[in-house]
Amino acid sequence: PARPRVFSGIQPTADSFHLGNYLGALRHWVALQDSHDAFYCVVDLHAITAGHEPKVLKQRSRVAAAQLFALGLDPERSTLFVQSQVPEHPQLAWVLGCITGFGEASRMTQFKDKSQKQGSDRASVGLFTYPILQAADILLYQANAVPVGEDQRQHLELSRDLAQRFNSLFGPTFTVPAPHIVKDTAKITDLQDPTAKMSKSSSSPAGIIDLLEEPARSAKKIRSAVTDTGREIVFDAEGKPGISNLLTIYSALSGRGIDELVAAYDGKGYGDLKKDLAEVVRDFVTPIQERTRGYLDDPAQLDKLLAHGAEKARAVASATLRTAYERVGF
Ligand code: ADP
Ligand code: NA
């Protein structure tokens, strides 16, 4: 039997992915290649919904793709492409927008949050219709599964509703995607504010570990990571979020269990743990940085890989769009 199809996307909005992106999402992308027919997309159309720099957009998509290949996405086993190279995405989004209720779209909490931050006059219509484009991203590939974190649940729910609605209005066309819940998904917190998630929009760069930054810089951030006043190394995400976050990162990157680490650091101090974690991070990022540089040193070859990905994606997307257009009456 054919492997189930998985779809996921990530924005090229920063020059490097951070450890939260990797541990919460991208490492699962890599793992899912074994069990699924994977379609992964650098969503540059989504990246222009809240203001952007035209001069760096294309390069950011390349840097994003280079990191994804460096992390282990295999262009032969899975399909990695850049969204703007597959025009079927906005084409299907228009059709889906026409069966989305205005009130329904208005209830998306991510839009409410983001537009509140920007001010309602500055928030774009693109930011408002973002979840509809996201639905098109997923439905074009007839994805069975979509790996989602808590923050994307509502958007996936909309994708499911739109698939079902389209199918019942116009006839069976789309696979209704299910959330792919990954067990033990690590939620990584900000090193300077362990109650907030590590995020590129975080207030202090010292709170984020970027995959492409100098290991010495990461080591410094780890050294000054906020922990609590206690001295004992125990895992307690509620009571000791700072040290627990460091243990989570350590465990995920080294493959050693949390319990094993807690036992190994019995009687030792935070300084010992931080020093060792900095080495674990360095050993992890060094080969990734080398491979990323390798891809970026040959942009023509990288663009060729992405063109190949877009071609594979388009073969599927255009067939789906053709059916959807026919059903609608075009
Ligand atoms: P950011 O929060 O830096 O803006 P995105 O929202 O673009 O990152 O998230 C991209 C992917 O990385 C999503 O799948 C998201 O769930 C995951 N992710 C982002 N930050 C973290 C984190 N701190 N811990 C775990 N997963 C994260
Ligand atoms: Na975000």
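Salt bridges are a good way into this predicted model, and the count comes to 13 of them. As background, side chains of opposite charge can pair when their charged atoms come close. Here the working cut-off is a side-chain nitrogen of Lys or Arg within 4 Å of a carboxyl oxygen of Asp or Glu. Let us walk through some of these pairs.

Start with Glu 88 and Arg 314, whose side chains meet in a salt bridge with an N to O distance of 3.2 Å. This pair links distant parts of the chain: Glu 88 belongs to helix H3 (residues 88-97), Arg 314 belongs to helix H12 (residues 299-328), and their positions lie 226 residues apart in the numbering. What about their surroundings, buried or exposed? Glu 88 has a relative accessible area of 5%, so it counts as buried. Arg 314 reaches 37% relative accessibility and therefore counts as partly exposed.

Next, look at helix H7 (residues 153-170), which holds both Arg 160 and Glu 157. They are three residues apart, about one turn of the helix. Their side chains form a salt bridge in which the closest N and O atoms are 3.9 Å apart, a value to set beside the limit of within 4 Å. Both partners have some access to the surface: Arg 160 is partly exposed at 22% relative accessibility, and Glu 157 is also partly exposed, at 41%.

Now move to the loop between helix H8 (215-223) and helix H9 (241-254). Which residues pair up here? Lys 240 forms a salt bridge with Asp 228, and their closest N and O atoms are 3.1 Å apart. Both residues sit in that loop, twelve residues apart, and the pair is counted as linking distant parts of the chain. Lys 240 is buried, because its relative accessible area of 12% falls under the 20% cut-off. Asp 228, with a relative accessible area of 23%, is partly exposed. Some salt bridges also share partners, and in this way Asp 34, Asp 74 and Arg 77 are joined into one network.

Finally, a word on confidence, which you will want in mind when you inspect these contacts. The mean pLDDT of the chain is 95, and 99% of its residues reach 70 or more. For the complex, the predictor gives an ipTM of 0.94 together with a pTM of 0.95.

Key: Residues are numbered from 1 along each chain as its sequence is written. Chains are lettered from A and ligands numbered from 1 in the order in which they are written. This is a predicted model: local features need pLDDT of at least 70, side-chain atom pairs count only at pLDDT 80 or more; totals for chains, interfaces and linings use all residues. Side-chain values use heavy atoms; hydrogens and water are left out. pLDDT is the predictor's confidence in each residue, from 0 to 100. Helices (H or I, at least four residues) and strands (E, at least two) are DSSP runs, numbered from the N terminus. Buried means under 20% relative accessible area, exposed over 50%, partly exposed in between (1.4 Å probe, protein chains only).
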